[in-house]
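Student: I am new to this structure and should like to learn how to read its features. Where should we begin?

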Amino acid sequence: MGDLAIEGRGLVCDRGGRRVFAGVDFDVAAGEALVVTGPNGAGKSSLLRTIAGLIELAGGTLELTGGDPELSLGAHCHYFGHENALKTQLTVRENLEFWHRYYGDCGVSVLEALDRVGIGHLDHLPAAVLSAGQRRRLALARLVVSHRPVWLLDEPTAALDVASEARLGELMAAHLLADGLIIAVTHGALPLAETKSLKLGEARVA
Ligand SMILES: Nc1ncnc2c1ncn2[C@@H]1O[C@H](COP(=O)(O)OP(=O)(O)OP(=O)(O)O)[C@@H](O)[C@H]1O
C-alpha cells in the first residue's frame with residue numbers, strides 16, 4: 001500500500017428525494033485532517049455517511065488511492081457517528097472486548113484502549129450507568145481498537161469535558177502521525193493544530 005489519499009470531485013447527495021448538496025470537491029491525504037463545517041442541514045453528516053459507503057452518491061466521484069485494492073473505501077473507514085452504538089446491559093470492558101475481537105489484533109489491549117480515553121477505572125460498570133461523556137469516551141475507545149486508516153468523526157467533541165477533548169486531540173495526532181487520515185464534522189474547534197477545511201453551504205431543496 002502506498003500513501004493513502006481520498007479525492008472527492010463534484011459530489012452530489014440526495015436524501016428523501018431532495019438535493020442536499022452538489023458540486024462538492026475535496027482532497028485529503030495520509031497525515032492530514034479535513035474539517036467539515038456548515039449550517040444545520042447542509043449535509044455534513046450525509047457527506048461522512050457517503051464516504052463510509054452508507055449512502056449512495058447521486059453524482060460525482062470518490063476515489064481512494066494507496067489503500068488495499070481488494071477493499072472498498074468504506075472498509076478503510078471507521079465511522080464515529082452521533083450514536084455511540086453501545087450495548088447498555090454489557091460492562092464497559094465487555095463492550096470493547098466485542099469490538100476488539102471483531103476488528104482483530106490491533107496491538108493494543110482492551111484495558112489500554114480504555115485507559116487512553118480515561119475510563120479504564122470504569123471497566124467493570126454496566127455501560128447503562130455511564131454519563132453522556134463517559135459513553136462518548138467508550139465509543140472513542142473503539143477508534144483505538146478498530147485500526148482503520150480513515151477516521152470519519154461526526155461531532156467528536158460533543159459531551160466531552162476539557163480533559164477528554166485533550167485526550168481526543170492526542171488520539172487524533174497519533175493517528176495522523178501513523179499516516180492515518182481524518183475527516184471530521186464540527187460546529188466548534190477541533191483539538192488539532194493544523195487542519196484543512198471544507199465548508200458546506202445551506203441545504204438546497206430540489
Ligand atoms: N434518512 C433521511 N431521509 C431523508 N432526509 C434526510 C435523512 N437524513 C438526513 N436527511 C436530510 O438531509 C439533510 C442533511 O442532513 P445532515 O444530517 O447531513 O446535515 P448536517 O449538516 O450534518 O446537519 P447538522 O449540523 O444539523 O447535524 C437535512 O435536510 C436532513 O433533513
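Tutor: Let us begin with the terms for the elements. Helices (at least four residues) and strands (at least two) are DSSP runs, numbered from the N terminus. Please keep in mind that this is a predicted model. With those terms, Ala 85 can be placed in the loop between strand 5 and helix 2.

Student: What is the phi of Ala 85, and how should one read it?

Tutor: Most residues other than glycine have a negative phi. Ala 85 is not a glycine, yet its phi is positive, about 50 degrees.

Student: Is Ala 85 buried, partly exposed or exposed?

Tutor: Buried means under 20% relative accessible area and exposed means over 50%, with partly exposed in between. Ala 85 has a relative accessibility of 46%, so it counts as partly exposed.

Student: Which residue in the loop between helix 5 and strand 7 (181–185) can be read in this way?

Tutor: Asp 179 is found in that loop. Asp 179 is not a glycine, and it has a positive phi of about 70 degrees. Its relative accessible area is 46%, and therefore Asp 179 is partly exposed. A positive phi, near 35 degrees, also belongs to His 147, which follows helix 4.

Student: How does one check the length of helix 4?

Tutor: One compares an expected span with the distance between the end C-alpha atoms. Helix 4 has 15 residues, so at 1.5 Å a residue it should span 21 Å; its end C-alpha atoms are 22 Å apart, which agrees.

Student: How many residues of helix 4 are buried?

Tutor: Of its 15 residues, 12 are buried, and helix 4 is thus mostly covered. Among them are Gly 133, Arg 136, Leu 140 and Val 144. The general idea here is that an α-helix has 3.6 residues a turn, so residues three or four places apart point the same way.

Student: Against which elements do the buried residues of helix 4 pack?

Tutor: They pack against strand 5 (77–80), helix 2 (92–103), helix 3, strand 6 (150–154) and helix 5 (162–177).

Student: What does Ala 128 contact, beyond its neighbours within four places in sequence?

Tutor: Ala 128 lies in the loop between helix 3 (110–116) and helix 4 (132–146). With those neighbours left aside, it is in contact with Thr 88 and Arg 135. Residues far along the chain may also be compared in space: Ala 128 and Lys 87 are 41 residues apart in sequence, and their C-alpha atoms are 8.0 Å apart. The relative accessible area of Ala 128 is 40%, so this residue is partly exposed.

Student: Which residues does His 82 touch, not counting those up to four places away in sequence?

Tutor: His 82, in the loop between strand 5 and helix 2, touches Ser 45, Arg 136, Asp 154 and Glu 155. The side chains of His 82 and Asp 154 also make a polar contact, at 3.4 Å.

Student: Which residues surround the ligand?

Tutor: They include Arg 15, Pro 39, Lys 44, Ser 45, Ser 46 and His 187. By class, this shell has three nonpolar, seven polar and two charged residues. Helix 1 (residues 44–51) gives the most to it, with three residues.

Student: How is the ligand approached by polar atoms?

Tutor: Polar backbone atoms of Gly 43 and of Ser 45 each lie 2.9 Å from an oxygen atom of the ligand. A polar side-chain atom of Ser 46 is 2.5 Å from a ligand oxygen atom. The protein covers 58% of the 640 Å² of accessible area that the ligand has on its own.

Definitions and conventions: Residues numbered from 1 in each chain as written. Predicted model: local features only at pLDDT ≥ 70, side-chain atom pairs only at ≥ 80, totals over all residues. Heavy atoms only, no water. Near = heavy atom within 4 Å. Polar contact = N/O pair within 3.5 Å; in protein donor to acceptor, adjacent residues only side chain to side chain. Areas by Shrake-Rupley, 256 points an atom, 1.4 Å probe, with all protein chains shown as cover. Nonpolar A, V, L, I, M, F, W, Y, C, P; charged D, E, K, R; others polar. Buried < 20%, exposed > 50% of the residue type's maximum accessible area, 1.4 Å probe, protein only. Contact = heavy atoms within 4.5 Å. Expected span 1.5 Å × (residues − 1).
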